[in-house]
Amino acid sequence: MENNEKLSPFHTTILVFMIQSGVMALILPQLLAETFGTNGWITVFGFGIIATVNILLIAAVYKLGKGRSIFQILEQSIPRFMLIPIYLALAVVWTLLGCMAGKEYILIFQMYAFPTTNPMEFKLIMDLLVFWLLTKGLYNITKTSTIFFWLFIWMVLLAFFFYSDFNWARLTPFLFKGGKFTYLESLDIYSSFLGYEIVLLLFAYTNQKTKLIKATLIGNSVTTLTYCYLAFITFGVYSLGQLKNKAFPVLEMMAYIRFPFMERMENLLFGFILFTVLFSILMYEWCALEMLKHIFPKLKANFLAFMLMLMCFIVAYIPDTINDVGDWLSTLSMIECGIAFGLPLLLLIVLMFQSMGSRLAHE
Amino acid sequence: MNKIMRILLVVTILIMLPGCDYRILERIGFTYAASYDAAPENQVEIGISIPRADPTIDLVRELHSAVGKSSKDARVKFANETDLLLVNGQIRVLLYSEALARKDLSNEINSILRDTSISPLVKISLVNGNAKDMLFKDYKQHLSTDKYINRLLEKASTNNRIPKTTLYEFERDYYDDGIDPIAPILKEQAEDITVDGIGLFRGYKYIGKIYNKDVLLFSILRGKFKKGDMGLDLDSVRDNDGSHEYIMFTSVVSNRAVHVKHNANGPIHVTIAANFKGSIHEYIGDLKLSKDADRHQVEKKVSEILSERGNRLVKQLQQYNVDSLGIGMHVRNSMSYEAWKALNWSEEYPRIKVDCQIHFKAKDYGKIR
């Protein structure tokens, strides 16, 4: 039924933005300061370009595959029994990724706002919300994401609060000095851009009018610009040493906002971040669900969704400190980076063989 | 499916509700202000003031104090003395005695920075004398002391009597390698509290102070300055012929630029050029302000006096070896990263040559000509 409804370009752009921006954005400026040092915000553009290259890779798959879903492409050339383990592995990674992103957000939120509450209570509510959205299908998810986008994006305007404390002299004229570059940390930074690779699974829900690739590229640019603006402000408001020392600079900045009639309103603002975090989680779970649907075609989708979220909830019990969750998230993001580049490459190879095969058949 | 959803919803609500972490406002003690004093054996004495809003008792605020190894250690002690649940979310003012600050504030500040419930907007201030005594005393003609101090600091910083020094600014300047942090100093004066000056820090250590009369000038030199009042005796430059010349101006808008010149084998030469405009509110003297020539003469005189005082102020800062004006930031930005790292700024700073050029311009001079 949902296959009849195709995504619109606008919804797709927003969906991509909502998936990309997530819990890593809260830590991003600190990572940039730590890894690149002075004026590290500029590197956001670099990461944005890498993401763009990756999207172009996906575009090639979309074009060569003529809009067929990746399942159709794969199953045409590779026997099913070989694909099942791949599907399963992807499903596991995506489930865990969504699960850990959720737990990370909850642990941070709970540390600031509800220090005595059990984080798993929040997790339960969040997972329920994700479950309900999962059962509604992709088209409704994108519509919801548009609403949630507006509930979230106004927060960019809050940056005006920091203009008075912004100081150009604090940015320093030095380019990338005083940082400690490690590949691991830059992968962490890159993981805040992840999410665009999900469009691989959207092929079946699009048609010509969707302009999938263009929409994705725009979504990625919006993310890049937002991150860049955020990092730029943070670098001008905080001194470099201070920024390196902050666990959650973006949350701290929010605590700096105050109105004449209200102080300490950051807990209210933290809640709004949920909207974008929720979509990162939701879409990873959705991808995992798509995989599960292909592994168990006989089972009902809603039942699969329920089992998926149940697993997601149970697994979230295992890592219980903020550092553990961070480590899990780093490892998973690293794998996800591999998937983001590897999966389109695999598909391209398969497509190449297919076109070669068809050419041979024609000859 | 809808039925399952509804059942799920009901079950969730049933699971969630008993877990509710309910809090009754009257039973929570929102610490409003805290004081820190040095105690023997490297301990600190902490005092806190909690506003009470219970109509059944005739009490405006609750006060507790304890001596401990750290602020959190002392907190555990006074948590036992009160029936309230102590929380830090609404702390507005932190008062440190000069004696404690002279030792080092790094433990105290770091403990505050770690606490997620404390706002970065909390005001940091030094106290000339005993911080606890100041906080615990009731000042007859004022609000309850904690609120009084908070509003006093807020007013003083919005009027630019003192630069804004919240935890955010304090920490930011601490971590920046081109500027040193500052904090206002409060003093008890009979039945009032007044601003005594500005405390100069090196790291988290209190080094010296700028007295009240130079505070405005300090703010102008530090930059980002919108308004304030200043009175000046103009007699000091010309020989005293018996007539008294005095000027008072307000609503000052200033901009500051720092120019750095590197000399091949001399010390670094820094020029702080500050232009500011003000309205003259009071002028006692022989010149007529409506006459351009006369007014320019007054402007020139004010500029000269302020530049000279500015130079003296910078000398004083150099003697203390604290770069509270942030000159280092501009020196840093004028050279390459490697050269800056090779330069030992705290060694170089007392040696550099600083020239303050302050230009005053009278925007208007009130209702009379």
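**Reading salt bridges and interfaces in a two-chain model**

Modeller: Let us start with B:Glu338, which forms a salt bridge with A:Lys177, the closest N and O atoms being 3.2 Å apart. Please keep in mind throughout that this is a predicted model.

Colleague: What is the general idea behind such a pair, and where do A:Lys177 and B:Glu338 lie?

Modeller: Side chains of opposite charge can pair when their charged atoms come close. Here the side chains of A:Lys177 and B:Glu338 meet in a salt bridge, at 3.2 Å from N to O. This pair crosses between chains, running from A:Lys177, in the loop between helix 8 (168–171) and helix 9 (183–191) of chain A, to B:Glu338 in helix 11 (residues 337–342) of chain B.

Colleague: Are these two residues buried or exposed?

Modeller: Neither word fits, because partly exposed covers what falls between the buried limit, under 20% relative accessible area, and the exposed limit, over 50%. A:Lys177 has 25% relative accessibility and so counts as partly exposed, and B:Glu338, at 48%, is also placed in the partly exposed class.

Colleague: How should I read the interface between chain B and chain A as a whole, and how many salt bridges does the rule find across it?

Modeller: The size of an interface is often given as the accessible area lost when the parts come together. Between chain B and chain A the buried area is about 3300 Å², of which carbon and sulfur atoms give 58%. In terms of contacts, 37 residues of chain B touch 37 residues of chain A, and the rule finds three salt bridges across this interface. There is also a network of salt bridges that links A:Asp165, B:Arg172, B:Asp173 and B:Arg222.

Colleague: Can the same reading be applied inside one chain, and what are the domains of chain B?

Modeller: Chain B is divided into domain 1 (23–213) and domain 2 (223–369), and the C-alpha centres of these two domains of chain B lie 32 Å apart. Between them the two domains of chain B bury about 1500 Å², with 48% of it on carbon and sulfur atoms. On the side of domain 1 of chain B, the residues that lose the most area to domain 2 of chain B are B:Asn160, B:Asp177 and B:Gly178, together 30% of what that side buries. The contacts involve 18 residues of domain 1 of chain B and 24 residues of domain 2 of chain B, and across this interface the rule finds two salt bridges.

Colleague: What can a salt bridge tell me about parts of a chain that are apart in sequence, as with B:Lys123 and B:Glu154?

Modeller: B:Lys123 and B:Glu154 form a salt bridge whose closest N and O atoms are 3.1 Å apart. B:Lys123 belongs to strand 7 (residues 123–128) of chain B and B:Glu154 to helix 6 (residues 145–158) of chain B, so the pair ties together parts that are 31 residues apart in sequence. The partners differ in class, because B:Lys123 is buried, with a relative accessible area of 9%, whereas B:Glu154 is partly exposed at 27%.

Colleague: Which nonpolar residues form a patch on the surface?

Modeller: A:Phe296, A:Leu299, A:Phe303, A:Phe306, A:Met307, A:Leu310 and A:Ile314 form such a patch, with about 590 Å² of accessible area together. One of them, A:Leu310, lies in helix 14 (residues 301–315) of chain A and counts as partly exposed because its relative accessibility is 35%.

Notes: Residues numbered from 1 in each chain as written. Chains lettered and ligands numbered in written order. Predicted model: local features only at pLDDT ≥ 70, side-chain atom pairs only at ≥ 80, totals over all residues. Heavy atoms only, no water. Patch = residues over 30% accessible without salt bridge, like charges linked within 9 Å, V, L, I, M, F, W, Y side chains within 5 Å. Areas by Shrake-Rupley, 256 points an atom, 1.4 Å probe, with all protein chains shown as cover. Salt bridge = Lys/Arg side-chain N within 4 Å of Asp/Glu carboxyl O. Helix = DSSP H or I, 4+ residues; strand = E, 2+ residues; numbered from the N terminus. Buried < 20%, exposed > 50% of the residue type's maximum accessible area, 1.4 Å probe, protein only. Domains from an automatic or database assignment. Contact = heavy atoms within 4.5 Å. Buried area = accessible area lost by both parts, 1.4 Å probe.
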